[in-house]
Structures are given as structure tokens and as C-alpha cells.
Amino acid sequence: MGGAERNARKRKQQQTAARSVAQARGVAGGDKKKVVAITVAVVVLAALVIGGVLWTTSSKDTTEGKVIQAQTTTSAPGVVEKRDGAVVVVGKPEAKKTIDIYADFLCPVCKQFEESFKGQIQEQVNNGVLQVRYHMLPMLNQRSDPPGYSLDSANASLAAADAGKFLAFHDALFKDQPQEGARGFDKAQLIKLGADVGITDPAFAIAVNTGAYEQQVKDAYAKISKDPSLQQDFGNGPGFGTPTVTANGQVVKLEEGWVQKVVA
């Protein structure tokens, strides 16, 4: 590959990274110069660009016929998963520290967040120190083809929580995350994934097919997106974006060591 071609490819990758960050964190897509790398997740994206391994959106991949690979999240004895409306609470009852995680199953930066910090978070949950409140939101609901994947997956995750399998379901969806702008997993695939992670209750499939919790998810997102305490300045004024983490009512800066600081 010649130098000119390499430079052109690098510029294209940088532009792709900027678009992904802007869209996932709620920044206007046309204002790329104002994208601010304020989280470790964004730094990870930049590193991927430099390494030349950032995913490309040059074509629309399809999830039709794809087998979602279930993976096991190891939770210590005593860790409880409980749905509270549109929120899933995970942890031991005696945990003294709590964080809230706001994410979207289609958000590429949310996947980077999970890859960077999931192990640290789970360790503190297993130790009985930390309790996590998961808010799975349909922020990018119009950015799958066809639209609707963010809402379908959020609804299915709440149904998985009813069966005590939220974490396994959550982790499997991020592991095999569809590309933004491409086709998301359909309801039949979401139901199959539930079976793969051990869900046997027929109520799960019914909840997925009927969208049992969709209105709760929509209402929660409408409220959260306008919450002044969750607004951040991404370079073009305040707004809400995913992933966002809060502790003690304050937005956490997702820098190296933030988990340890929260539980200290």
C-alpha cells in the first residue's frame, strides 16, 4: 500500500471515529471539530484508529442468520439481580456504594466502556462493596436498519432480569453488538439468546414479542435525557449521552482508576 493510500485510509478511520463518538455521546454529527475526548472509552477508540483496527461502516452488515454467542458472567454467591421498573439493580444487599450506568445496546462507545471496565465493576460487585443500577436506553433507536433495535434489546434485557439472567444477557449483547446503521438482532434472535443464557420461563418470550416493558423504557429515557444532573458539555453545549455513570448523584469522569475512587 502506497503512502498516499495509507494516509487516505487513516483520514477515513479518524473521520469514522469522530462520527461514532459524536453520535454515541449525543453530539451533533456535523460538529466533528468540537468532539471532546473526555472519557477513557473515547481514548480507546482513538487507539483503535491508530492501530488500524477500528470497525468500518462502509457497508451494512446483516445479522440475519447470525448466531449470537452467549457468554457467562461470573457472579459471586449472594449477588442479586432485581428489576425495579425500567432499572435493573445488581449487587449484594449489604453493598455500601452504588453507581448508575446509563447505556444503549447499540452504542459503540458503550461497548468500549464495557470492555474497559466490566471486570473492575464486577469484582467490586462480587466483593459486596458495590451495587450497580443499569439503565438500558433507546437513545440510538433510529440508528439501526430497520429502526427499533435499541428499544427491542432494552425491553428484552428487562425481561431477562425477571428471569435472573440480566448480566449474562447484557454481556452477550455487547459482545456481539451490531454495527450502528446496520440491522439489529430481531425478536426471535433475542429470544434464542435468552434460551442460550439459561432462561426457561415462557414469560420471557412473551415479554419480548409483546414489548411488555417498552413504554417503561421510553418514559424513563424521556425523563433521563432531560435531567439537569446528567447533562454534560461535549463541546457544543450541554446534553445527555451514553455511556454515563453517576455516583452520589454526580456524573463520574471515566478516567483510569475511577472504579477504585468510587468505592474508596
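## Salt bridges and helix H3

The structure holds seven salt bridges. The model is predicted. Three of the bridges are described below, among them Asp162 with Arg83, Arg133 with Asp100 and Lys192 with Asp196. Helix H3, residues 108–126, comes after them.

**Asp162 and Arg83**

- A salt bridge joins the side chains of Asp162 and Arg83, with an N to O distance of 2.8 Å.
- Asp162 belongs to helix H4 (residues 149–162) and Arg83 to strand S1 (residues 80–84), so this pair ties together parts 79 residues apart in sequence.
- Asp162 has a relative accessible area of 43% and is partly exposed.
- Arg83 has a relative accessibility of 26%, so it also counts as partly exposed.

**Arg133 and Asp100**

- The side chains of Arg133 and Asp100 meet in a salt bridge at 2.8 Å, N to O.
- Arg133 sits in strand S4 (residues 130–136) and Asp100 in strand S3 (residues 97–103), so the bridge ties together parts 33 residues apart in sequence.
- Arg133, at 24% relative accessibility, counts as partly exposed.
- Asp100 counts as buried, at 12% relative accessibility. The cut-off for buried is under 20%.

**Lys192 and Asp196**

- Lys192 forms a salt bridge with Asp196, and their closest N and O atoms are 2.9 Å apart.
- Both residues lie in helix H6 (residues 187–196), four residues apart, so about one helical turn separates them.
- An α-helix has 3.6 residues a turn, so residues three or four places apart point the same way.
- Lys192 is partly exposed, with 47% relative accessibility.
- Asp196 is partly exposed too, with a relative accessible area of 36%.

**Helix H3**

- H3 has 19 residues, which at 1.5 Å a residue should span 27 Å.
- The end C-alpha atoms of H3 are 26 Å apart, which agrees with that expected span.
- H3 bends by about 55° at Phe117.
- Of the 19 residues in H3, 15 are buried, so the helix is largely enclosed by the rest of the structure.
- Gly128 follows H3 and has a positive phi, near 80°.

Technical notes:
Residues numbered from 1 in each chain as written. Predicted model: local features only at pLDDT ≥ 70, side-chain atom pairs only at ≥ 80, totals over all residues. Heavy atoms only, no water. Helix = DSSP H or I, 4+ residues; strand = E, 2+ residues; numbered from the N terminus. Expected span 1.5 Å × (residues − 1). Bend = angle between axes of the 7 residues up to and from the residue. Buried < 20%, exposed > 50% of the residue type's maximum accessible area, 1.4 Å probe, protein only. Salt bridge = Lys/Arg side-chain N within 4 Å of Asp/Glu carboxyl O.
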